[in-house]
Amino acid sequence: MISRIKVAYRALHGEAAEWFRAGLSCIPGRVGCWIRARLYGFRAGRRTCVWNNVIIYHPAKLTLGNNVQIVPGCQINAGGGVEIADNSMIGPGVFIWSQNHAYKRADILICDQGYECLPVKIEEDVWVGAGAIIRPGVRLARGCVIAAGSVVTAATEAYTLYAGVPARPVRKRVAGEDVDGVPEDSSREVAHRDACRPDARNELPKTSLECLRRHS
Ligand SMILES: CC(C)(COP(=O)(O)OP(=O)(O)OC[C@H]1O[C@@H](n2cnc3c(N)ncnc32)[C@H](O)[C@@H]1OP(=O)(O)O)[C@@H](O)C(=O)NCCC(=O)NCCS
């Protein structure tokens with residue numbers, strides 16, 4: 001009897017949490033962002049906005065840095081842990097998943113095999129285009145761009161545009177100028193590495209962006 005009450009209590013508690021979050025995710029505008037940052041259950045830094053109609057599963061395992069933008073239509077499953085660092089933007093309809101159904105045993109129903117949790121890490125200054133899918137266990141390196149509709153299945157290189165299914169590197173972002181006509185060795189990564197060496201100009205930059213502005 002007591003165990004039945006416990007099960008019923010847990011089910012009701014879970015149901016109430018779902019309704020509460022569904023309500024929170026409907027509130028539009030910056031007021032909605034402000035309320036969600038405080039009540040939804042994820043950790044968020046300063047000026048971070050989770051806009052309306054974003055669905056987050058396991059919000060307690062989601063960590064957002066400063067000035068992160070997550071726009072309507074995104075779904076994040078943070079069951080395996082999801083971290084999104086400062087100044088990153090997640091476009092409309094993006095799916096970020098950090099757990100898979102375990103499926104390898106053919107003699108057991110997939111729904112009875114549990115989950116395989118693989119954390120996702122999105123570093124600073126990343127832009128994920130509309131409708132992209134970020135697979136469990138993937139790390140998006142600093143400054144990379146994921147084109148709309150891409151499926152990212154493996155770790156990416158810094159300051160690189162990725163596109164397609166599965167996502168492949170297309171080109172590097174560069175410092176100061178447009179890509180066209182810029183020699184290969186002046187890719188943003190190389191510029192960053194050379195300009196931001198600890199001994200460059202005898203000082204350490206605060207952020208890579210600031211460093212690139214100063215040295216490009
Ligand atoms: C990422 C993006 C900005 C790149 O634009 P761009 O710099 O003009 O790049 P290009 O159009 O020159 O494309 C470069 C190459 O990548 C390919 N590519 C670009 N976007 C692609 C996509 N979504 N899927 C597959 N391939 C793509 C192009 O076909 C091209 O290949 P090629 O060199 O073999 O011809 C753009 O492709 C994109 O996806 N924008 C997303 C916009 C969005 O989601 N906005 C929502 C608001 S956050």
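Start by selecting Glu157. Leaving aside residues up to four places away in sequence, Glu157 touches Ala141, Cys144 and Pro169. The model on screen is predicted, and everything on this tour is read from that prediction.

Zoom out a little to place Glu157 in the chain: this residue is in the loop between strand 17 (151-152) and strand 18. Is Glu157 buried, exposed or partly exposed? Glu157 counts as partly exposed because 14 other C-beta atoms lie within 10 Å, and the partly exposed class falls between 12 or fewer for exposed and 20 or more for buried.

Now add Arg139 to the selection. Glu157 and Arg139 are 18 residues apart in sequence, and their C-alpha atoms are 9.2 Å apart in space.

Next, follow Arg139 into its strand. Arg139, in strand 15, is the bridge partner of Lys121. Strand 12 (residues 120-122) pairs with strand 15 in the parallel sense, over two bridges. Select the rest of this sheet: five strands form an open sheet with parallel pairing, in the order 1-4-7-12-15. Its edges are strand 1 (43-44) and strand 15 (139-140), each of which pairs on one side only.

Return to the loop of Glu157 and move on to strand 18, which covers residues 160-163. Which strand runs parallel to strand 18? That is strand 16 (residues 145-146), joined to strand 18 by two bridges. To see one pairing, select Val145 and Leu161: Leu161, in strand 18, is the bridge partner of Val145.

Strand 18 also pairs with strand 19 (residues 168-172), here in the antiparallel sense, through four bridges. Select Tyr162, then Pro169 in strand 19, which stands opposite. Pro169 was on the first stop too, as one of the residues touched by Glu157. Strands 18 and 19 form a hairpin with four residues between them. In the turn, click on Gly164, which has a positive phi of about 100°.

Now select the ligand and the 13 residues around it. Gly91, Gly129, Ala130, Ala147 and Ala163 come nearest. How many residues of the shell are nonpolar, polar and charged? The shell divides into eight nonpolar and five polar residues, with no charged ones.

Last, colour the protein by pLDDT. The mean pLDDT is 86, and 81% of the residues reach 70 or more. Then select residues 185-216, where the pLDDT is below 50. Beyond near neighbours in sequence, this stretch has 38 contacts in the model.

Technical notes: Residues numbered from 1 in each chain as written. Predicted model: local features only at pLDDT ≥ 70, side-chain atom pairs only at ≥ 80, totals over all residues. Near = placed C-beta within 6 Å. Nonpolar A, V, L, I, M, F, W, Y, C, P; charged D, E, K, R; others polar. pLDDT = per-residue confidence, 0-100. Contact = placed C-beta atoms within 7 Å. Pairing = 2+ DSSP bridges.
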